[in-house]
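Colleague: Before I rely on the descriptive words used for this model, I would like to hear what stands behind each of them.

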2 protein chains.
Amino acid sequence: MPKKDAFYPDWYHRVPPEKSYRSIFKWGYPDTFKHPNRRLYALMKETFAMTDDDFRVKRNTGDEKVSFDYPVKLSTAQLDQLRAIVGAENVLTDDYSRLRVAYGKMIYDLIRLREKKIENLPDAVVRPRSKEDVQALVRFCHAEKIPLTVFSGGSSVMRGTECPKGGISLEMGVHMKRILKLNPVNQTVTVEPGITGPDLEDALRDAPRRFPGAPHRYTCGHLPQSFHGSTVGGWVVTRGAGQNSTYYGKIEDLVVCQEYITPAGEIATREYPASATGPDLDQVMIGSEGTFGVLVAVTLKIFRYMPENTRRFSFIFKDYPSALEAVREVSQGEFGLPSVFRLSDPEETDVAMRLYGVEGTALDKLLRLLGYRPGERCLLLGTADGERGFARHVARMIGRICRRHGALPTTGYVTRRWEHGRFLDPYLREDLQDYGIIIDTLECAVNWDSLERIWREVRAYCKARPRTICMSHSSHFYPQGTNLYFIFVARMDAGEYLRYQAGVIDAIFKAGAALSHHHGIGRMLAPWYESFMGPQQMAVLRALKKHFDPHNIMNPGGTLALDLPDEKKRM
Amino acid sequence: MPKKDAFYPDWYHRVPPEKSYRSIFKWGYPDTFKHPNRRLYALMKETFAMTDDDFRVKRNTGDEKVSFDYPVKLSTAQLDQLRAIVGAENVLTDDYSRLRVAYGKMIYDLIRLREKKIENLPDAVVRPRSKEDVQALVRFCHAEKIPLTVFSGGSSVMRGTECPKGGISLEMGVHMKRILKLNPVNQTVTVEPGITGPDLEDALRDAPRRFPGAPHRYTCGHLPQSFHGSTVGGWVVTRGAGQNSTYYGKIEDLVVCQEYITPAGEIATREYPASATGPDLDQVMIGSEGTFGVLVAVTLKIFRYMPENTRRFSFIFKDYPSALEAVREVSQGEFGLPSVFRLSDPEETDVAMRLYGVEGTALDKLLRLLGYRPGERCLLLGTADGERGFARHVARMIGRICRRHGALPTTGYVTRRWEHGRFLDPYLREDLQDYGIIIDTLECAVNWDSLERIWREVRAYCKARPRTICMSHSSHFYPQGTNLYFIFVARMDAGEYLRYQAGVIDAIFKAGAALSHHHGIGRMLAPWYESFMGPQQMAVLRALKKHFDPHNIMNPGGTLALDLPDEKKRM
């Protein structure tokens, strides 16, 4: 345990200056922070061979006001026409507004903002007020062949909101963030795409007060780690998942119907619980990442909010194989599925033990004595949700299965600790980067029978670099498989980061995993996407693209590899 | 209760003559029958104002050997090329073989076969032996612009297998019915499309013996009423549902990945439990009803077969509204979903009470006394599946909710009675039709908030015709709604049947229900389909069609309304 009076960095802890670069790349809420605790600080120094001196001066904090020279290529006449559609106050061409919507929250975005590398900006930011505005904008851009990209929460880590072809960026989160309807009979909510996760969730949990006639409190059940900064529109068009998706489902399971404005007209699907009326157009539009059209309304399933029923549990397994057997048995057990469910591999478990202060304690000694050894042991934590008896039964069955596989119960306390940090961990990124350390994540989906091999192969690549932390966990479970989420932490510069990150993606691709479980493809994975999909499948997407957007104005410039030049293709 | 020695019709009870019309239109297995019992016989006479005399002579039994004059339009050279691809023994041009694959099991198909109305036949029936055969056939037909339609189980009630443009019909159930792989780790099975429900289910239930290394007995969980005569391929391409779908899911929830041969090449999706890699091509191909390509392999989720855990229950409600409240509460209760779940409306309940011999008994009198009156009361029956404690809890919660809504438990006996007949009821159709009585079904999907109105509107149309039984039930439940399955029974001729049936579809369409919950669209619903989908949505399907099948050879002639002439459009 590091001493209390030892040197501890002066982490950045203030709302970033207005209109500064940092105000753009800072994660989440402007006034919310999570700093590395003393244990993590010690771990970093040790792992990356750094000293206190390396943490005395922050680099590239991005406190400067945004300012650059990047020409607006739209004509005055075009800008005037845009102003005529949405009102002058909703067309912005200043540097800050244009930069703010171009980048997301991928590490490379943060690097570029710190280094003031300005590229791929829109010519103007347009804030539509309504579906009718979007219709007029899409019609205008289609006629004038002006690229149109959509920006909503800005939490993309896939370079999905960049505008390499210029044009306009539609900022959805300013006006188009209304709840259009709550239907307590069907248990659905209809919203505009710009509403944030917290705004929607707050309204649902408060439903009896906010919506006359709503008999219950509700939850949307979709709580991604990016919750604070994500919007419903982003969830849908990227095919996202929340951390409780094992119980509530991924977003494609939650969407009931939708409305998109495309250059080929309005695509509206109808609200039914299920049907056998041909191909499912909802599943064509979900995951289209802005390349087919602009989402303007979506109806989602909602669920009863019953936190009083939540059961929390955690277990330590002796090794990864036995833990994997247990979680597969849970996933295939047909007694109901847990809500949060999260299995850490040995390295992530060791880091967690260290950060939670378990390592080196009497408890740790006991654990080792019982055969739960560092470098081998694995932490599983989770919750069961739903009706009281259901949740109790799920938790009980999980306990039974885990114990049968040699796990030691470590109580719901660990889960509460995790819950406390569930939306806060990404806030650490800026602190680390202030001192040249990068923490990044890549995730994929795997079947049970290939999980261990894929984990081993990707990890082998990651760990071939010395002084690199590579943790991984599975956090979304299905009877047929799960996801693998890799987190690497290392001291590296921008150039090495880009090479290393591409190497991890290569490893995931070559191992045969699905390129993404819930982050989407964007421009970041586009170089691998066509090889992943295969030429015939890619041709179907291109046929759809041609139908919806014959002038290629919708989010052009590489997203989903629809117009990626051959030389950019990686595999 | 009708007297035992009273006249009782001499129902048709023998395997139909070989190659007869009846051998084609007979439902299910050739040697399996279900005749109307004496109570149903009495009900029919009473309802339709018929006498014993009306049941002395059968009409149009179709015992004659199939024979007609319907030209083969393919050239000798083309037929030779087909023989070169699949072998001469797998190319059939005789009358019987061509007729057998053209019609399904819709009432109009039966009428046409009884009346020897021969139309929409293929020129030749081709029996592919493998994916490679299908590839060569599709390539050949594409080059020669020969229509290609697929026939598998032949249980379609949507006119999906007719060949109005001639060409070839691919009979998948002869060779392409293999189980390609059982994967007990991922809990999936990969099959060819021609395998029947019973063949697949038998193999899965017998897995430990048939597949080395399979540790469990399995079920595919997909048990439609057409089980005896349906195939996996049909389930997938029509977007079907089994009677236990409330627990196991519809087929679109069960498909993990697939392979199709299209004129534009092979479309293969990849096996992952979930992903965020763009639009979902599986959901583009599911429900495409043979218009995009030929399904050659599909991987389905499987489940543990645990019949020992099944809990059966049934309840009588005082009225339809209270029953609907209860089933909605169950569907939204988050304690797990039942497996079979089936709520009959008052008319279906009354018919069931009569057929099961309850009406007029002491039990019936007691029920009436307690306020469960004919014309109002509703029967709910079902089962809970899954792990033992889960099934028990689901059944217990359902009981609690039903009782709270004033229902009387009527035990699992009723459910067992239903289970006994679950795949047999369609066998009744031929008996009734032998005496001029038609029993037909139409089904749709509805949200909770429109269910009662849609039920009332469709029923109003059905019951406007005197002496017509119209029963309905909901049998597939979701948190957001359910299906409505209408069964009408009446004495009517072919002309009136077609007008009446179109009127029911009109009523469903105008009421705003989804045109189909699990039967698909085919050619039968095609006249309403474009209005149901809307022009923009239809344009997306046409763009896909043009991509996959630019020469319009795949199941041409109206399926999914892709090439329906304007004059055939109903709405």
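Modeller: In chain A, five strands make up an open sheet with the order E5-E6-E10-E8-E9 and antiparallel pairing; a strand here is a DSSP run of E with at least two residues, numbered from the N terminus. This is a predicted model, in which local features need pLDDT of at least 70, side-chain atom pairs count only at pLDDT 80 or more, and totals for chains, interfaces and linings use all residues. Residues are numbered from 1 along each chain as its sequence is written, while chains are lettered from A and ligands numbered from 1 in the order in which they are written.

Colleague: What makes E5 and E9 of chain A edge strands?

Modeller: Strand E5 (179-183) and strand E9 (265-268) of chain A each pair on one side only.

Colleague: How do you know that strand E6 of chain A is joined to strand E10 of chain A?

Modeller: Two strands pair if DSSP finds at least two bridges between them, and four bridges join E6 (residues 188-191) to E10 (residues 294-301) in chain A. Among the partners, Val189(A) is bridged to Leu300(A) in E10(A).

Colleague: Why is chain A called as compact as a globular protein of its length?

Modeller: The radius of gyration, taken over C-alpha atoms and set against a globule rule of 2.2 Å times the number of residues to the power 0.38, is 24 Å for chain A, close to the 25 Å that the rule gives for 571 residues, so the description holds. Along its principal axes, the C-alpha trace of chain A spans about 75 × 60 × 50 Å.
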